[in-house]
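Grab a pencil and work through the exercises below. Try each task on your own before you read its solution.

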Amino acid sequence: MREFLLHRLAQVVPTVLGLLVLIFLVSRVMPGDPVRLALGPEATKAQIAAYQEKLGLDRPLPGQFAHYIAGLFRGDLGESIRTSRDVRLDIRDFLPATVELVTTALALAVCLGVPFGILSAMYPNTWIDNLSRLVAVPGVALPRFWVGILLQVGLSYQLGLLPIVGRSSHPPRAITGLLLLDATLTGNGPAFLDAARHLVLPALTLALPTLAQVARLTRAAMIDVLRRPFMLVHAAYGVPPRRLVWRYGLRNGLTSVLTLVGMTYGALIENAFLVEVVFSWPGLSAYGAAAVLAKDFNAIVGVTLVVGLSFVLANVLVDLLYGYVDPRVRYN
């Protein structure tokens, strides 16, 4: 297992390097002049030249990339054109909000989608299966921003049950930037409840499509597992149906769900900007979308690097979980 882990971590280096090269080149060939966007149409040629020199944009493209890579090794992601701050500081401020939102949404999707899928497989073509389909089909088909607006109107505006926008009214003392964790570490119960109430609607909105995918994939995997010969043998020996499904069937059917979860985590970070905009959530996805509109080179590359690393690390974690969930998988 140790050798496998080292081998998988070694594969991260060329993947991240290739990602950096690709995103760096794409950000440089995007139409528009970021310097003029930052300084405005009234800027003089001298001001433009000075700002280009400050950002290193007066160098040839290979020189710009070498300068950027050298900065990465020093922990320097460059300066954001839009915020005039170090991109590293911007990511430090915005990333915890997105991580908290995406992690909660993925936990909701798995904790609700897997039981839904299992029950649908155990009782196919019954009201339970039909209810699962009723949740799954709209969950995949409806746009996230529209679902978020409906939840805001129904649960917040009409019923007043949950806050409409924002992340917290009374945030706890900042330690990690994750409000639920910070409130727990500081023993601040009211702040924990306030942060949880603000988190419910955006997390549910973001989780709904993934929940639907997890439920349908779990249903298909479990139906396939329940029809296999070893499951029929267990049933013939008198193993109770619930134990048969939850102990033996689930572990054999979870490998495909783990693959989906590993691919989904990074995608949720990437696609969370619509939810963050609707709920005024101060996260990294909304920051990245604004950076694209402003042609903010350094911010675009920094955000893309974070999203790419989340994809890679999530898949490494899933590969390790395979060996635990499926006893047939062994890493030598």
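**Exercise 1.** Does S132 count as buried or exposed, and why?

*Solution.* Keep in mind that you're looking at a predicted model.
- Step 1: Find the residue. S132 sits in helix α6, which covers residues 127-141.
- Step 2: Recall the cut-off: buried means under 20% relative accessible area.
- Step 3: Compare. S132 has a relative accessibility of 2%, so S132 counts as buried.
- Step 4: Check who surrounds it. Not counting residues up to four places away in sequence, S132 touches F116, S120, A215 and R216.
- Step 5: Look at the side chains. The side chain of S132 makes a polar contact with the side chain of S120, at 3.2 Å.

**Exercise 2.** Work out what kinds of elements the chain is built from, and how many residues count as buried in percent.

*Solution.*
- Step 1: Go through the elements. You should get 14 helices and zero strands.
- Step 2: Turn to burial. The chain has 332 residues, and 42% of them count as buried.
- Step 3: Put a box around the C-alpha atoms. Along the principal axes, that box is roughly 85 × 55 × 40 Å.
- Step 4: Take contacts with a separation of 6 or more. Residues 24 or more positions apart account for 73% of these.

**Exercise 3.** Which residues touch the most other members of the largest nonpolar core?

*Solution.*
- Step 1: The core has 61 residues, and L20, L101, I118 and L206 touch the most other members.
- Step 2: Ask which helix gives the most to this core: α5 (residues 87-122) does, with 12 residues.
- Step 3: Zoom in on L101. Leaving aside neighbours within four places in sequence, L101 is in contact with residues including L199, P202, L206 and W281.
- Step 4: Don't stop there! A second, separate core has eight residues, among them V35, I48, L57 and F297.

**Exercise 4.** Which helix gives the most to the nonpolar surface patch?

*Solution.*
- Step 1: Find the patch. It covers about 1,100 Å², and its residues include L142, W146, Y157, I164 and V277.
- Step 2: Sort by helix. Both α7 (144-158) and α12 (273-278) supply at least two residues each.
- Step 3: Pick the winner. α7 gives the most, with six residues.
- Step 4: Test one member, V277, which is found in helix α12. Exposed means over 50%, and V277 has 55% relative accessibility, so V277 counts as exposed.
- Step 5: Step back to the whole chain. The accessible surface comes to about 17,500 Å², and 68% of that belongs to carbon and sulfur atoms.

How values were computed:
Residues are numbered from 1 along each chain as its sequence is written. This is a predicted model: local features need pLDDT of at least 70, side-chain atom pairs count only at pLDDT 80 or more; totals for chains, interfaces and linings use all residues. Side-chain values use heavy atoms; hydrogens and water are left out. Helices (H or I, at least four residues) and strands (E, at least two) are DSSP runs, numbered from the N terminus. Buried means under 20% relative accessible area, exposed over 50%, partly exposed in between (1.4 Å probe, protein chains only). A polar contact is a pair of N or O atoms within 3.5 Å; within protein, one must be able to donate a hydrogen and the other to accept it, and residues adjacent in sequence count only if both atoms are side-chain atoms. Contact means heavy atoms within 4.5 Å. Patches are made of residues with over 30% relative accessible area and no salt bridge: like charges are joined within 9 Å, nonpolar side chains (Val, Leu, Ile, Met, Phe, Trp, Tyr) within 5 Å. Accessible areas come from the Shrake-Rupley method with a 1.4 Å probe; for residues, only the protein chains shown count as cover. A salt bridge is a side-chain nitrogen of Lys or Arg within 4 Å of a carboxyl oxygen of Asp or Glu. A nonpolar core is a set of buried Ala, Val, Leu, Ile, Met, Phe, Trp, Tyr and Cys residues joined through side-chain atoms within 4.5 Å.
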